[in-house]
Amino acid sequence: MLSAIKRQPGLLRQASLFRSVRGLASTPKESDLIDVTLPENSFEGYNLDVPSLHYTTTKGTLLQMFKDMTTIRRMEMACDALYKAKKIWGFCHLCVGQEAIPVGIENAITKQDSVITSYRCHGFAHMRGSPVKDILAELMGRKSGVSFGKGGSMHIFSTGFYGGNGIVGAQVPLGTGLAFAHQYKNEDNCSFTLYGDGAANQGQVFESFNMAKLFNLPVIFCCENNRYGMGTAASRASASTEYYKRAGYIPGLKVNGMDILAVYQASKFAKDWCLSGNGPLVLEYETYRYGGHSISDPGTTYRTREEIQHMRSKNDPIAGLKMHMLQLGLATEEELKAYEKAARKYVDEQVELADASPAPGYEPELLFEDVYLKGTGIPRLRGRTVNETWDLEKLQYVPRY
């Protein structure tokens, strides 16, 4: 439930449709402040006092959240269309239904914090700063992609965003290492390390829990529980589906991941917890993906269409925020539709730019670019066969030595 301290009508008419309001230095006016009261069931704690259900935010923040979630959904819908048009190949995992998590987290942290996740990563990459066209170009294997067209959907990176990792659960120890780096360098930042319920039973996850607690690292382990690991329901794969309690010796917090207002509050709370010297925290975002595990999965053989429709109609994160804004009088139905139309136009333009980008090329030396950070690599690399060696300085094949 939202309430205005003071109302200022016409908010949406006063802002450019895609002007970012995140990170403005000016202090918000009293008339811009919004009181938020979350439902009682927004949080469940484990050895932890849950965050307050009441907090204050701004109209600009709510507007930006709505725009970001709408843009991500349009981007994912564009991915679906491009895949079916055979312009995207390989694996492609969409986050339609889960948009509140990347948007809520990003609004609660700074660009100096670290984020790492699994292969359902497009929304996170965009929130970390990658333009839609660069993400789509990567998926289509184009040179202007965020990984120069060489990584595809499961290997997307940007500043402060460490993937997009294709191996299930492998990003969890990496995220723990990012937190160690923040601590080692005495940085006032933390690592948001995300994984799915399907990866929650991996041994490396528990090894990471152990090391994080031993070193008291500023890492938030975030389980995106969308109820299905590929085609297997969480209850069939996990002896305990209370993922926020999994670490035992690390406090946990379960969050309604379909409510962006709850996601934001929980994420902000988690960062403050870690940076107050309390060490790691386990978050469980209860969410839901509307599509299958990947685009090649119809998603209806292991769950009913009625279940999907129920989640869409009753729990959609974009519709939920839209309802709050309408109830508060921050916008009219027509104004919000204008934002949705603008998002569609923006993404369509980004698709055209991405599609016009050339492929990386077929020169042999391209196979050996971007293996090491410049200045840190070795002079020669093994090639594609046991008798092939590549000199990185001369950019030529040399006899094997």
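Leaving aside neighbours within four places in sequence, which residues is Leu 194 in contact with? I start there, and before answering I should say that what we have in front of us is a predicted model. Once those neighbours within four places are set aside, Leu 194 is in contact with Ile 101, Ile 105, Val 115, Ile 116, Thr 117, Ser 118, Phe 124, Gln 171, Cys 222, Glu 224 and Tyr 285.

Leu 194 also belongs to the largest nonpolar core, which has 81 residues, and it is among those with the most contacts inside that core, together with Leu 136, Phe 192, Tyr 285 and Leu 321. The largest share of this core, ten residues, is supplied by helix α2, which spans residues 59-84. There is a second, separate core as well, made of 17 residues, and it includes Ala 200, Ala 212, Cys 223 and Ala 247.

Let me turn to the sheet, which is open and has seven strands, arranged in the order β3-β11-β12-β8-β7-β5-β6 with mixed pairing. Its edge strands are β3, residues 43-46, and β6, residues 161-164, each of which pairs on one side only, and from one strand to the next the twist averages 15 degrees. If you look at β11, residues 252-256, and β12, residues 281-286, you will find that they pair in the parallel sense over five bridges, with Gly 252 standing opposite Val 282 in β12.

Next come the helices that go with this sheet. Helix α9, residues 260-278, packs on it and touches β3, β7, β8, β11 and β12, while its direction makes about 175 degrees with that of β12. Helix α6, residues 171-184, lies across β5, β6, β7 and β8, and runs at about 175 degrees to β7.

Within helix α9 I would like to pick out Gln 265. Is this residue buried or exposed? Gln 265 counts as buried because its relative accessible area is 10%, and the cut-off for buried is under 20%. A polar atom of its side chain lies 3.0 Å from the backbone oxygen of Ser 52, and, not counting residues up to four places away in sequence, Gln 265 touches Leu 38, Phe 43, Pro 51, Ser 52, His 54 and Tyr 55.

Finally, I return to α2, whose axis comes within 9 Å of that of helix α3, residues 100-108, the two crossing at roughly 145 degrees. The crossing is right-handed, and the contact is made by Thr 61, Met 65, Asp 68, Met 69 and Ile 72 of α2 and by Ala 100, Pro 102, Val 103 and Asn 107 of α3.

Methods:
Residues are numbered from 1 along each chain as its sequence is written. This is a predicted model: local features need pLDDT of at least 70, side-chain atom pairs count only at pLDDT 80 or more; totals for chains, interfaces and linings use all residues. Side-chain values use heavy atoms; hydrogens and water are left out. A nonpolar core is a set of buried Ala, Val, Leu, Ile, Met, Phe, Trp, Tyr and Cys residues joined through side-chain atoms within 4.5 Å. Buried means under 20% relative accessible area, exposed over 50%, partly exposed in between (1.4 Å probe, protein chains only). Helices (H or I, at least four residues) and strands (E, at least two) are DSSP runs, numbered from the N terminus. Contact means heavy atoms within 4.5 Å. Two strands pair if DSSP finds at least two bridges between them. Axes are lines fitted to C-alpha atoms, for helices over the stretch in contact, and angles run from 0 to 180 degrees between N-to-C directions. A polar contact is a pair of N or O atoms within 3.5 Å; within protein, one must be able to donate a hydrogen and the other to accept it, and residues adjacent in sequence count only if both atoms are side-chain atoms. A crossing is left-handed if the near helix is turned anticlockwise from the far one by less than a right angle, and right-handed if clockwise.
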